[in-house]
Amino acid sequence: MNLQQVKQRFGIIGNATKLNRALEVAVQVAPTDMSVLISGESGTGKEVMPQVIHNMSHRKHGQYIAVNCGAIPEGTIDSELFGHEKGSFTGATEARKGYFEVASGGTIFLDEVADLPLQTQVRLLRVLETGEFIKVGSSKVQKTDVRVVAATNLDVPKAIAEGKFREDLYYRLNSVPIHLPPLRERGNDIHLLFRKFSADFAEKYRMPGIQLTDDAVDVLLKYNWPGNIRQLKNITEQIAIIESERLITADNLNRYLPADHGRQFPVLVKQDDRSNDFSEREILYKVLFDMRNEIQELKNMVLDMARNPDHDFSAKAAAFSSTSYDNLPVPVIGTPPSSPATIHFHNPGPAEVKDEIIDHHEEVEESLSLNDVERDMIVKALQKHNNRRKNAATELGISERTLYRKIKEYNLT
């Protein structure tokens with residue numbers, strides 16, 4: 001089967017050289033049982049390659065299971081992958097098979113594999129090396145015959161250097177590497193995909209298809225597409241539904257693209273600049289956390305004074321007033337946090353303390369609500385990355401699993 005037949009069978013659009021090379025490697029490695037690691041930015045279509053590999057292998061009649069490792073809570077990921085015994089943890093009312101047991105004889109696709117906790121990475125390494133695993137809450141070793149295809153959009157060597165990913169697991173998964181190019185590097189494939197999506201939505205919504213003028217095509221090809229194919233498909237659908245005219249000009253198209261896309265592409269931004277922005281955010285968070293902790297300590301001290309008016313609190317007060325922010329790095333933007341002024345204490349009476357707490361409680365809570373700051377940062381990160389949780393989590397310096405929990409906690413939609 002040649003590449004064009006493979007593309008037709010799996011609905012792959014494009015003729016870019018890097019895309020063709022990735023597809024060639026997938027076809028060549030499919031008949032083997034070697035592990036494959038697929039890399040590429042979010043939205044490049046990494047989920048298609050495992051299907052190509054599975055359906056062109058001798059395992060095609062076995063189970064194919066795709067698992068998004070970043071979307072499963074850390075506390076249940078081992079149970080999901082390897083299963084559990086009845087009573088092994090709260091809520092385990094019956095024994096359950098994991099994906100590795102169910103997919104035996106077939107293929108399992110681990111998307112966002114770099115998000116796996118280190119403990120789960122150890123279990124995965126054992127499966128890859130020996131085919132053995134142990135269910136949660138069991139001591140019995142079980143065997144599985146499964147092929148593993150993994151994918152990630154992270155810089156794995158960097159994650160290894162930071163201690164977030166095991167080096168031995170990386171080399172075991174990376175037996176055959178496949179890299180999918182970002183959409184901005186695929187040239188005329190961008191217009192081909194736009195036309196394909198336009199035809200699909202015309203059929204879906206029973207309306208004439210949309211076409212682009214020459215100047216609109218030029219805009220389409222020059223745009224950076226940080227969201228890759230997923231973003232292109234989303235914008236094509238918006239235009240197909242909203243625009244009454246079926247011939248789209250450059251001005252029409254520009255209304256659906258993020259502002260300033262023509263003046264500065266993310267690919268041209270230096271890595272150091274982005275990392276500096278993140279460092280500033282870390283500094284501000286640290287200042288807020290420290291301030292909240294000190295306010296809590298101060299409130300506790302005042303309450304102690306109220307309860308024990310005869311006790312000498314001068315030592316504790318001196319220790320508290322010696323706190324300084326002088327050693328913190330100063331953010332580039334905004335004004336640097338000033339060192340708090342020295343606080344002088346006296347032992348007030350219980351009534352005075354009570355009045356003071358009532359008078360200032362609301363002001364402290366309103367001005368130092370860390371939850372509001374955190375929620376605002378999450379909202380801005382999601383808006384910046386068009387609600388792509390993975391990219392937003394990376395910028396915030398947290399895992400996608402943690403971001404998902406925060407979204408639910410703050411009831412964000």
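Trainee: I'd like to learn how to read a salt bridge; which side chain meets Lys-164 in one?

Mentor: Glu-162 does: the two side chains form a salt bridge with an N to O distance of 3.5 Å. Keep in mind that this is a predicted model.

Trainee: Is Lys-164 buried or exposed? And what about Glu-162?

Mentor: Lys-164 counts as exposed, because its relative accessibility is 53% and the cut-off for exposed is over 50%. Glu-162, with a relative accessible area of 45%, is partly exposed.

Trainee: How many salt bridges does the count come to?

Mentor: The count comes to 21 salt bridges. Some join up, too: Asp-33, Arg-59 and Asp-145 are linked in a network of them.

Trainee: Which side chain meets Asp-115 in a salt bridge?

Mentor: That's Lys-390, at 2.7 Å from N to O. This pair ties together distant parts of the chain: Asp-115 sits in the loop between β3 and α6, while Lys-390 belongs to helix α17 (residues 389–396), and 275 residues separate the two. Both Asp-115 and Lys-390 are buried.

Trainee: What about Lys-406: which side chain does it meet in a salt bridge?

Mentor: Lys-406 meets Glu-374, with 3.3 Å from N to O. Here again distant parts of the chain are linked: Lys-406 lies in helix α18 (residues 400–409) and Glu-374 in helix α16 (residues 370–384), 32 residues apart. Lys-406 counts as buried, because its relative accessibility is 17% and the limit for buried is under 20%.

Trainee: Let's go back to α17. How many of its residues are buried?

Mentor: Six of its eight residues are, so α17 is largely enclosed by the rest of the structure. Lys-390, the partner of Asp-115, is one of the buried residues, along with Asn-391, Ala-392, Ala-393, Glu-395 and Leu-396. Right after the helix comes Gly-397, which has a positive phi, near 80°.

Trainee: Next, the sheet. In what order do the strands of the open sheet run?

Mentor: First the general idea: strands of a sheet pair through backbone hydrogen bonds, in either a parallel or an antiparallel way. In this structure, an open sheet of five strands follows the order β2-β3-β6-β1-β7, and the pairing is parallel. At the edges stand β2 and β7 (176–179); each has a single partner strand, so one side of each has no neighbour in the sheet. From one strand to the next, the twist averages 20°.

Trainee: How many bridges join β2 to β3? And over how many do β3 and β6 pair?

Mentor: β2 and β3 run parallel and are joined by five bridges, while β3 and β6 pair, also in the parallel sense, over four bridges. You can trace this through Thr-107 in β3, which has Tyr-64 opposite it and Arg-147 in β6 as a bridge partner. Ile-108, in turn, stands opposite Val-148 in β6.

Trainee: Which residues of β3 are on each side?

Mentor: A general rule helps: in a regular strand, side chains alternate between the two faces of the sheet. In β3, Thr-107, Phe-109 and Asp-111 are on one side, Ile-108 and Leu-110 on the other, and all of them are buried, so to speak, with both faces covered. Five of its five residues are buried, so β3 is largely enclosed by the rest of the structure.

Trainee: Now the nonpolar core. Which residues touch the most other members of the largest one?

Mentor: In soluble globular proteins, nonpolar side chains tend to be buried together. The largest nonpolar core here has 29 residues, and Phe-100 and Leu-110 touch the most other members. The elements giving two or more residues to this core include β2 (64–68), β3 (107–111) and α6 (118–130). The largest share, four residues, comes from α6. Beyond its neighbours within four places in sequence, Leu-110 has contacts that include Val-67, Leu-81, Phe-100, Leu-124 and Val-148. There is also a second, separate core of 24 residues, with Ile-190, Ile-210, Ile-239 and Ala-240 among them.

Trainee: And the protein as a whole: how many helices and strands does it have?

Mentor: The protein has 18 helices and nine strands. Of its 413 residues, 41% count as buried. Among contacts between residues at least 6 apart in sequence, 71% join residues at least 24 apart. The protein exposes about 23200 Å², and carbon and sulfur atoms supply 50% of that.

How values were computed: Residues are numbered from 1 along each chain as its sequence is written. This is a predicted model: local features need pLDDT of at least 70, side-chain atom pairs count only at pLDDT 80 or more; totals for chains, interfaces and linings use all residues. Side-chain values use heavy atoms; hydrogens and water are left out. A nonpolar core is a set of buried Ala, Val, Leu, Ile, Met, Phe, Trp, Tyr and Cys residues joined through side-chain atoms within 4.5 Å. Buried means under 20% relative accessible area, exposed over 50%, partly exposed in between (1.4 Å probe, protein chains only). Contact means heavy atoms within 4.5 Å. A salt bridge is a side-chain nitrogen of Lys or Arg within 4 Å of a carboxyl oxygen of Asp or Glu. Two strands pair if DSSP finds at least two bridges between them. Axes are lines fitted to C-alpha atoms, for helices over the stretch in contact, and angles run from 0 to 180 degrees between N-to-C directions. Accessible areas come from the Shrake-Rupley method with a 1.4 Å probe; for residues, only the protein chains shown count as cover.
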